[in-house]
Amino acid sequence: MSHLPIISQQELDRQSEIMSRVAALNEHKHPLAFVDTYGCQQNEADSEKLRGMLSRMGYRFTDDEHSADIIVINTCAVREHAEHRILGNVGALTHTKRAKPGQKIVLCGCMVQQKHMAERIKRSFPIVDLVFGPHEMYRFPELIEQMIQPHKGRIFAVRDTQGEYVEGLPSLRQGRVKAWLTVMYGCNNFCSYCVVPLVRGRERSRTPDKVLEEARRLVDEGYKDITLLGQNVNSYGRDLDSDWDFSRLIESINSIPGDFVIRFMTSHPKDASERLFKTIADCEKAAKHIHLPFQSGSSRVLSAMNRHYTRESYLALVELAREIMPQISLTSDVIVGFPSETEEDFEETLSLVERVRFDMLFTFIYSPRAGTPAEKMPDPVSREEKQLRFDRLLEIHNAISAENQASHIGKTERVLIDGVSSAAAGNLTGRTSENRLVYLSGPRELVGSFKNVKITDSNTWSLTGSII
Ligand code: SF4
């Protein structure tokens, strides 16, 4: 076990008692909560816990902020643009709150863990009643109880910490087919552009018994698509004094009886290994898909990003993955316009994209984040130039993606039908093992089942098929 503190059972019992007290207060009121989530899957998983606790405190849920008694906004800090959007939406709640006196507004998550942001909210957004960082989530019941007391002032609970272990918070999951399963929290990597280690603390792996217990429960409850979550899942177990690693975790979940798919994200290339690829190949329930962010095709930029791999080692890793699993689908993240990225560096990114031919690419223009080393690096390239590079990259990738998708026409794929859609291509959506989105038609009752689907058409981002 790592040397970071564990939140005691006694403390969790105390929070549980508070939930019962708040539920008693809410008994005849049936107050409504609106939970809005920005950012990554980890935030989605955190919001499920917030909903779990709100439900235990007697709240019901609404999608309409006007009728909500409490609005909880779970924020993201990864990009400046997202922060601006969140602040704009919080500002707009002034009218909502005016129309519904007594409405409470809560801000939590990564954005508010940054000191300057918490201070800005204190100063400029008096409508916000409660602010708390990701490390305070287990204290949500206590903070809610304080907030709903009459004449209680605004509450700011943001604490500097490396993070703690918390187990056993209730969770109210959103869907019935797909489930997030957090296997570790935090990150130790300190990529020079990234704020995550500053706001989410050091790596903390959940113990395998807790992860497996939750995985078994999800399978028993009928979930068919389980995504293991962590900032860098490949380093799972390193902080546990045991011989568990991520591959062993996948093998153990794979051996749980039942028909389901195991996915995971995110993998850091410096920690992805032959052992991991062989495990994915050997485990029939493991999706044949890896999201492996490369971020830049230039070794010089990768070094400035503190990524601990080179262009060559990344390409060698891709080659190894494809040697072990020729059908593997590869997706990635890339940053355009990192400080000091030259035209030559950018062309290396383009050539890497042309060489690997990713199935999907999440492309971002560099966004400076307060407190990170990259924020202080000289950045002479104009925003216009970065946008031009971004557009060039997108054009090349979109053509590749369309060709990759078209190569599946005529094939039969095993598809998990995971939702309904209003798209012209079909009233149902599904995912192949390689995580390709498929539109198809059929009765809604098929949601949650696996079907063989003949692929009949494609575009840049999706396939269309019919059940056979
Ligand atoms: S691996 Fe790098 S980019 Fe990913 S969360 Fe950690 S520091 Fe951020």
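## Around Thr464

Which residues does Thr464 touch, not counting residues up to four places away in sequence? In this predicted model, the list runs to Ala425, Val438, Tyr439, Lys454, Ile455, Thr456 and Asp457. Thr464 itself sits in strand β19. Its relative accessibility is 18%, so Thr464 counts as buried, the cut-off being under 20%.

For a sense of distance, take Thr279 as a reference point. Thr464 and Thr279 are 185 residues apart in sequence, and their C-alpha atoms are 30 Å apart in space.

## Helix α14

Strand β19 (463-467) is also one of the elements that the buried residues of α14 pack against. The others named there are β13 (329-336), α13 (343-356), β14 (360-365) and β18 (450-458). On the α14 side, the buried residues are Lys386, Arg389, Phe390, Leu393, His397, Ile400, Ser401, Asn404 and Gln405. If you're wondering about that spacing, here's the general point: an α-helix has 3.6 residues a turn, so residues three or four places apart point the same way. As for length, α14 has 24 residues and reaches 34 Å from its first C-alpha to its last, close to the 34 Å expected at 1.5 Å a residue.

Lys386 deserves its own look. This lysine lies in helix α14 (residues 383-406), and is it buried or exposed? Lys386 is buried, with a relative accessible area of 5%. Leaving aside neighbours within four places in sequence, Lys386 is in contact with Val336, Gly337, Ile365, Tyr366, Asp379 and Val381.

## Helix α3 and its kink

Now for α3, which covers residues 80-99. With 20 residues at 1.5 Å each step, the helix should span 28 Å; the end C-alpha atoms are 30 Å apart, which agrees. There is still a bend along the way: α3 has a kink of about 25°, centred on Leu93.

Leu93 is also among the buried residues of α3, together with Ala82, Glu83, Ile86, Leu87, Val90, Thr96 and Lys97. What covers them includes β3 (70-75), β4 (104-109), α4 (110-113) and α5 (115-124).

## Ala77, in the loop before α3

Ala77 is found in the loop between β3 and α3. Its relative accessible area is 1%, so Ala77 is buried. Once neighbours within four places in sequence are set aside, Ala77 is in contact with Glu83, Cys110, Met111, Gln114, Val195 and Arg369. One of these, Glu83, is also on the list of buried α3 residues.

Asn404, one of the buried residues of α14, gives a second reference distance. The C-alpha atoms of Ala77 and Asn404 are separated by 33 Å, with their positions 327 residues apart along the chain.

## Where α8 meets α9

Helix α8 (residues 208-220) and helix α9 (residues 246-254) have axes that come within 10 Å and cross at roughly 35°. The crossing of α8 past α9 is right-handed. From α8, the contact uses Pro208, Val211, Leu212 and Ala215, while α9 supplies Leu249, Ser252 and Ile253. Sorted by class, that makes six nonpolar residues, one polar and no charged ones.

## Loops with unusual backbone

A few loop spots are worth checking when you have the structure open. Met265 and Thr266 are joined by a cis peptide bond, with omega about 5°. Thr266 lies in the loop between β11 (261-265) and α10 (274-282).

Then there are two residues that have a positive phi although neither is a glycine. His30, with phi about 45°, is in the loop between α1 (9-26) and β1 (32-37). Asn306, with phi about 65°, is in the loop between α11 (299-304) and α12 (311-324). His30 is partly exposed, with a relative accessible area of 39%, and Asn306 also counts as partly exposed, at 28%.

## Arg139

One more loop residue to finish: Arg139, placed between β5 (130-132) and α6 (140-147). At 19% relative accessibility, Arg139 counts as buried, because the cut-off is under 20%. Apart from neighbours within four places in sequence, Arg139 is in contact with Glu11, Gln15 and Ala157.

How values were computed
Residues are numbered from 1 along each chain as its sequence is written. This is a predicted model: local features need pLDDT of at least 70, side-chain atom pairs count only at pLDDT 80 or more; totals for chains, interfaces and linings use all residues. Side-chain values use heavy atoms; hydrogens and water are left out. Helices (H or I, at least four residues) and strands (E, at least two) are DSSP runs, numbered from the N terminus. The expected span of a helix is 1.5 Å times one less than its number of residues. The bend at a residue is the angle between axes fitted to the seven residues ending there and the seven starting there. Buried means under 20% relative accessible area, exposed over 50%, partly exposed in between (1.4 Å probe, protein chains only). Contact means heavy atoms within 4.5 Å. Axes are lines fitted to C-alpha atoms, for helices over the stretch in contact, and angles run from 0 to 180 degrees between N-to-C directions. A crossing is left-handed if the near helix is turned anticlockwise from the far one by less than a right angle, and right-handed if clockwise. Ala, Val, Leu, Ile, Met, Phe, Trp, Tyr, Cys and Pro count as nonpolar, Asp, Glu, Lys and Arg as charged, and the others, Gly among them, as polar.
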